[in-house]
Structures are given as C-alpha cells and as structure tokens.
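Load the model in your viewer and keep the selection box handy. This tour goes stop by stop, saying what to select and what sits there.

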Amino acid sequence: MSNNWRISSFNGALLAAYFIPVWTIIAFSIMVSPIHGLYERPSVSIAFYASDYLHLGKMATVRLAWLLALARITVVAFFTVFLAMAAFSPLRKSSSGADEALAVALCLGSVLSFASMMMASKVGEVEAMRMHASELLMLLGTAIVMLFETSPKRARASANAATTTETPAGQLSLQQP
C-alpha cells in the first residue's frame, strides 16, 4: 500500500465497504417492491412517519419510497466514485476529487440518516433509531476526521512558507555571491 493514504481516505474506504452493498440492497428492494421495501427495518421509520403524520396515499407513498431509493443510490454512487478515484494512485496524488466525492457522500448520507433517526424517534421505532444513529455516527466521525486532517499538499506548502520567511534576505538562493 502506498504511503500517501490519509486516515480520512482509509476511513472513507471502510465506510464505502459498508454503505455500498448495504444501501444498494435496501434501494433495490425498494425499487422492486416500493411499499414492501419501505416497510422493511431500514426504512420502516420513514414509512410509519409518512403514514402517521403526513397521511400519504398509496401513490404518494410509492413516490416517497422511490425518492428514498434514489437518495440511497446517490450516496452509493458518490461512495463508488470516491473508491474509484482513491484506488488509482495518479488520481489520488493529482487532485482532491476523491475527497470531494467522499464529502458529498458523507453530507448526503448524514442528512438521510439524521432524518431517518429523527423520524424513528418520533414514531417509537427504537431499533431503527439505533441503526440510523450508528450509521450517522460513522458518517460524522469520518467527516470530523476529514475536517481536522491536514492535506499533505497544504502541510508541504505551509512548511515551505515557514522556511522562506525564516531565511534572511542576504542568503536568498537567487543572488550570486
């Protein structure tokens, strides 16, 4: 393994290894059978909240289920883009696109998990609330690591700036003796 992997990239890869298969299976079960898929454990809090508080009809519930599946597939797509960009060394070294894809996946996944957790607490689904809370904590933990971790490029640039400010004007490399 290369030595330029950062902790947030490694943590993001581990998150992607969890979220890609799990959320893809959930989204495809919703796509195949929207109502049945919506009332399974990962999405039951949204289904109960929609039926109890929003009083949605059958077609509106199906649309909500498809919208939830689309949101989950979008998060999976961003995690997949992150993994693809992080896996190839030239892409990882040249740009921060992998970090941007991971940040979008973390943001969208956190919003979805937080909303699901709040709906689960509102309708009294304790186990669904625990599942969404643990997913939210995983996503937020990686986001916090990304936030406080310095980029290798920025660390080198700040080190170079520190050495140039400490060099006296008489010892510049461009001047001839």
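Start with His 55, in the loop between H3 and H4. Helices and strands here are DSSP runs (H or I of at least four residues for a helix, E of at least two for a strand), numbered from the N terminus. This is a predicted model, where local features need pLDDT of at least 70, side-chain atom pairs count only at pLDDT 80 or more, and totals for chains, interfaces and linings use all residues. Residues are numbered from 1 along each chain as its sequence is written, and side-chain values use heavy atoms, with hydrogens and water left out.

**Stop 1: around His 55**

Stay on His 55 and check its backbone. What is its phi? The value is near 50°, positive in a residue other than glycine. Most residues other than glycine have a negative phi. His 55 counts as exposed because its relative accessibility is 63%. The cut-offs: buried is under 20% relative accessible area, exposed is over 50%, and partly exposed is in between, with a 1.4 Å probe and protein chains only.

Now add Tyr 53, Leu 54 and Leu 56. Together they make a nonpolar surface patch of about 260 Å². Patch residues have over 30% relative accessible area and no salt bridge; nonpolar side chains (Val, Leu, Ile, Met, Phe, Trp, Tyr) are joined within 5 Å, like charges within 9 Å. Tyr 53 sits in helix H3, residues 44–54. Its relative accessibility is 40%, so Tyr 53 counts as partly exposed.

**Stop 2: the whole chain**

Zoom out and colour by secondary structure. The chain has 8 helices and 0 strands. Of its 177 residues, 33% are buried. The exposed area is about 10500 Å², and carbon and sulfur atoms supply 69% of it. Accessible areas come from the Shrake-Rupley method with a 1.4 Å probe; for residues, only the protein chains shown count as cover.

Then turn on contacts, meaning heavy atoms within 4.5 Å. Of those with a separation of 6 or more, 73% are between residues 24 or more positions apart.

**Stop 3: the ring cluster**

Select Tyr 18, Phe 19, Trp 23 and Phe 79. Ring pairs link these four into a cluster. Rings of Phe, Tyr and Trp (its six-membered ring) pair if their centres lie within 6.5 Å; planes under 30 degrees apart are stacked, over 60 edge-to-face, and the rest tilted. The count comes to 5 aromatic pairs. Take Phe 19 with Trp 23: the ring centres are 5.0 Å apart and the planes stand at 90°, so this pair is edge-to-face. Both residues lie in helix H1 (residues 7–32), 4 residues apart, about one turn of the helix. Phe 19 and Trp 23 are both buried.

Swing round to Phe 79. Phe 19 and Phe 79 are stacked, at 5.6 Å centre to centre with 10° between the planes. Phe 19 is in H1 and Phe 79 in helix H4 (residues 58–87), so the pair ties together parts 60 residues apart in sequence. Phe 79 is buried, as is Phe 19.

**Stop 4: the salt bridge**

How many salt bridges does the structure hold? The count is 1. The rule is a side-chain nitrogen of Lys or Arg within 4 Å of a carboxyl oxygen of Asp or Glu. Select Glu 125 and Arg 41: their closest N and O atoms are 2.8 Å apart. Glu 125 is in the loop between helix H6 (97–123) and H7, Arg 41 in the loop between H2 and H3, and 84 residues separate the partners in sequence. Glu 125 is buried, with a relative accessible area of 18%. Arg 41 is partly exposed at 42%.

**Stop 5: two buried serines**

Go to Ser 43, in the loop between helix H2 (34–38) and H3. Its relative accessibility is 0%, so Ser 43 counts as buried. Beyond residues up to four places away in sequence, Ser 43 touches Ile 26, Ile 30, Gly 37, Leu 38, Leu 68 and Arg 72.

Next, Ser 116 in helix H6. Ser 116 is buried too, with a relative accessible area of 1%. Leaving aside neighbours within four places, Ser 116 contacts Ser 45, Ile 46 and His 132.

**Stop 6: helix H7**

Follow His 132 into H7, where His 132 is one of the buried residues. Others include Ala 128, Glu 135, Leu 136 and Met 146. Helix H7 spans residues 126–148, 23 residues in all. From first C-alpha to last, H7 reaches 32 Å, close to the 33 Å expected at 1.5 Å a residue. That expected span is 1.5 Å times one less than the number of residues.
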